[in-house]
Amino acid sequence: MTATKPTFPAPDHDHNRCAADALRHAEQVCAGRAQKFTPVRRQVLQALLSSHRPLGAYEVIDELAKSIPRPAPITVYRALDFLMENGLVHRIESRNAFLACAHDHDAAAMVAFLICERCGSVGEIPAAPVAQSLNVAARATGFAPKLSVVEITGTCAHCQQGL
């Protein structure tokens, strides 16, 4: 994962540019993999890019319904599956929600999600060493791990400044 993007964007950052950059990145990823970045997939990603907080599938539907006819849930879930498979969206397990990923990392890269309890924003940081340690410990007990998700709740630096 490249460190060019801040973990938590400043509250006054240029969000339109941020979203446009993420859409360009998605176009490049899909083109590079010969995958179709269909209008529905683009719209779902744009809905997730509307903020830096995770949205549930039905919140995505509500966001889309502001500008297009209300899509069927299966349509949104299929788009979310495609976006996750291509590393453009993450699922935040504890929130049963989805988060657009603007970082340039491999889809299988292990990241930890930092979830701010005050503003709801989610940041991500590299977490391969943590995941490796957890997987080694799990294997030592005879357990065969398949998926490691690290989610840490707390307060982001921006919200701490407002305390």
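**Warm-up: E63 and its partner**

E63 has 26% relative accessibility, so it counts as partly exposed (buried is under 20% relative accessible area, exposed is over 50%, and partly exposed lies in between, using a 1.4 Å probe and protein chains only). Before going on, note that this is a predicted model, where local features need pLDDT of at least 70, side-chain atom pairs count only at pLDDT 80 or more, and totals for chains, interfaces and linings use all residues. Residues are numbered from 1 along each chain as its sequence is written, and side-chain values use heavy atoms, leaving out hydrogens and water.

**Exercise 1.** Find the residue whose side chain meets E63 in a salt bridge, and say whether that residue is buried or exposed.

Step 1: Get the rule straight: a salt bridge is a side-chain nitrogen of Lys or Arg within 4 Å of a carboxyl oxygen of Asp or Glu.
Step 2: K66 fits, at 3.2 Å from N to O.
Step 3: With 66% relative accessibility, K66 is exposed.
Step 4: Count by this rule over the structure, and you get six salt bridges.

**Exercise 2.** Look at the salt bridge of E93, then work out which residues are joined into one network.

Step 1: E93 pairs with R91, and their closest N and O atoms are 3.0 Å apart.
Step 2: E93 is partly exposed at 37%, and R91 is partly exposed at 29%.
Step 3: Now for the network: R17, D21 and R24 are linked by salt bridges that share partners.
Step 4: Zoom in on D21 and R24, whose closest N and O atoms are 2.3 Å apart.
Step 5: These two are three residues apart in helix α1, so about one helical turn separates them (helices are DSSP runs of H or I with at least four residues, strands are E runs of at least two, and both are numbered from the N terminus).

**Exercise 3.** Work out the strand order in the open sheet of three strands, and which strands stand at its edges.

Step 1: Strands pair if DSSP finds at least two bridges between them.
Step 2: β3 (residues 111-116) and β4 (residues 122-126) run antiparallel and share five bridges, with L114 opposite G123 in β4.
Step 3: β3 also pairs with β5, this time in the parallel sense, over five bridges, and C116 faces G154 in β5.
Step 4: Put that together and the order is β4-β3-β5, with mixed pairing.
Step 5: β4 and β5 (150-154) each have a single partner strand, so they are the edges, and one side of each lacks a neighbour in the sheet.

**Exercise 4.** Describe the hairpin that β1 and β2 form, including its turn.

Step 1: β1 (residues 89-92) and β2 (residues 97-100) run antiparallel, joined by four bridges.
Step 2: V89 has A100 as its bridge partner in β2.
Step 3: Four residues lie between the strands, and in the turn N96 has a positive phi of about 45°.

**Exercise 5.** How many disulfides does a search of the whole structure find?

Step 1: Use the cut-off: a disulfide is a pair of cysteine sulfur atoms within 2.5 Å.
Step 2: The search finds zero disulfides.
Step 3: Check C101: its nearest cysteine sulfur belongs to C18, 11 Å away.
Step 4: Check C159: the sulfur of C156 is its nearest, at 3.7 Å.
Step 5: Both checked cysteines are buried, with C101 at 4% relative accessible area and C159 at 13%.
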